[in-house]
Amino acid sequence: KLGNQRRICEPTAVNKTSSRSHAILKVTVEQRSRVMNVTQEVKTGVLYLVDLAGSERAAITQNRGKRMIEGAHINRSLLALGNCINALGGHGRAHYVNFRDSKLTRLLKDALVGTCRTVMIAHISPASTSFEESRNTLKYAERAKHIKTTVRQNVSDVSYHITQYHQIIAELRRKVQRLQEQLAAAREQQQRQTGAEEGQSSEVEELCGQYRALSLDEKEIRQELLALECHLLQNSLESRRQQACIQEWTEHKRRSLSSPTHSLLGNRSTHADVCP
């Protein structure tokens with residue numbers, strides 16, 4: 001937002017919001033070791049985001065006065081950038097790359113020297129009236145693919161002054177104290193977890209003992225039930241036998257009571273035989 005506020009845009013006969021300057025956004029990322037030492041290794045990475053203003057023809061844009069001068073400066077900087085890209089891509093005859101022709105190339109020197117990857121995105125128009133401009137833009141952007149890169153780490157060693165040793169030592173002491181506190185907290189948490197696990201193991205052992213006791217009680221109850229069933233079976237058999245004996249005695253008694261005349265007649269005939 002701040003960059004857009006500083007950037008100048010003015011209308012022309014071709015574009016209502018024509019950029020009158022280039023825009024460069026530089027993002028720097030540094031990686032440092034967390035271990036404090038007298039010397040420290042710093043790795044640096046830089047990202048350049050560049051929005052180039054388009055080249056202009058005064059006859060088409062119909063610029064006059066100040067706008068015409070701005071267009072001339074834009075074209076001059078784009079020409080210097082194209083010359084640097086040609087030299088880096090091996091198209092130029094001379095091995096010397098002149099980055100001082102323009103402020104734009106001087107600012108983009110670190111992004112073009114070959115230690116990084118360069119990608120150019122071209123914005124063109126599909127209209128037939130802009131065919132020549134679109135063709136020149138594509139040819140200009142295509143040259144960026146031929147830049148030869150040489151991989152090199154952006155690493156620098158930083159040596160601290162002797163007056164900063166006390167600060168480094170104090171920082172190391174604070175770090176040691178912080179690590180000791182974290183270690184003590186971790187040990188306390190581990191002890192709590194161990195106590196909780198021991199409590200859980202004792203509860204499990206108690207539950208296992210209760211289960212064994214219940215199993216033994218259940219076994220004894222089953223044995224008693226089997227003994228009761230056997231006793232009941234014996235009692236039922238004995239009761240059936242006794243009922244059979246009672247029925248047999250009752251039947252015998254009934255038979256003996258149903259035939260008294262036969263016994264009397266037999267007695268009389270015997271008395272007559274004995275007493276004539």
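Me: What makes a residue a partner that Thr 44 touches, and which residues are these, not counting residues up to four places away in sequence?

Reply: The model is predicted. A contact requires heavy atoms within 4.5 Å, and Thr 44 touches Thr 28, Val 29, Glu 30 and Asn 154. Thr 44 itself belongs to strand 4, residues 39–51. Its C-alpha atom is separated by 5.5 Å from that of Asn 154, although the two positions lie 110 residues apart along the chain.

Me: Why is Thr 44 called partly exposed?

Reply: Thr 44 has a relative accessible area of 26%. Buried means under 20% and exposed means over 50%, so the value for Thr 44 places this residue in the partly exposed class.

Me: How do you know where the buried residues of helix 6 fall, seen down its axis?

Reply: The buried residues of helix 6 are Ser 134, Tyr 140 and Ala 141. Viewed along the helix axis, they fall within an arc of 125°, and therefore they line one face of the helix. Helix 3 (66–88) is included in what covers these residues.

Me: What is the reach of helix 6, and what is expected at 1.5 Å a residue?

Reply: Helix 6 runs over residues 131–142, twelve residues in number. The expected span is 1.5 Å times one less than the number of residues. From first to last C-alpha the helix reaches 16 Å, close to the expected 16 Å.

Me: What makes the Arg 135 and Glu 132 pair a salt bridge?

Reply: The N to O distance between the side chains of Arg 135 and Glu 132 is 3.8 Å. The limit is 4 Å, so the pair qualifies as a salt bridge. Both residues lie in helix 6, three residues apart, or about one turn of the helix. In general, an α-helix has 3.6 residues a turn, so residues three or four places apart point the same way. Arg 135, at 38% relative accessibility, and Glu 132, at 35%, each count as partly exposed.

Me: How do you know that Arg 222 and Glu 218 are separated by about one helical turn?

Reply: Arg 222 and Glu 218 are four residues apart in helix 7 (residues 165–257), which means a separation of about one helical turn. Their side chains meet in a salt bridge at 2.9 Å, N to O. Arg 222 has a relative accessible area of 52% and is therefore exposed, the cut-off being over 50%. Glu 218, at 42%, counts as partly exposed.

Me: What makes Glu 238 and Arg 241 a salt bridge, and what is the N to O distance?

Reply: The side chains of Glu 238 and Arg 241 meet at 2.3 Å, N to O. This value is within 4 Å, so the pair satisfies the criterion. The two residues are three apart in helix 7, about one helical turn. Glu 238 counts as partly exposed at 32%, as does Arg 241 at 46%.

Me: How many salt bridges does this rule count?

Reply: The count comes to eight. Glu 251, Arg 254 and Arg 255 are linked in a network of salt bridges.

Me: What makes up the largest nonpolar core?

Reply: The largest nonpolar core has 16 residues. Those with the most contacts inside it include Leu 81, Leu 88, Leu 112 and Ile 147. Helix 3 and helix 5 (109–112) each supply at least two core residues, and the largest share, six residues, comes from helix 3. Leaving aside neighbours within four places in sequence, Ile 147 is in contact with Ile 85, Leu 88, Gly 89, Leu 112 and Thr 118.

Conventions
Residues are numbered from 1 along each chain as its sequence is written. This is a predicted model: local features need pLDDT of at least 70, side-chain atom pairs count only at pLDDT 80 or more; totals for chains, interfaces and linings use all residues. Side-chain values use heavy atoms; hydrogens and water are left out. Buried means under 20% relative accessible area, exposed over 50%, partly exposed in between (1.4 Å probe, protein chains only). The arc is that of the directions from the helix axis to the C-beta atoms. A nonpolar core is a set of buried Ala, Val, Leu, Ile, Met, Phe, Trp, Tyr and Cys residues joined through side-chain atoms within 4.5 Å.
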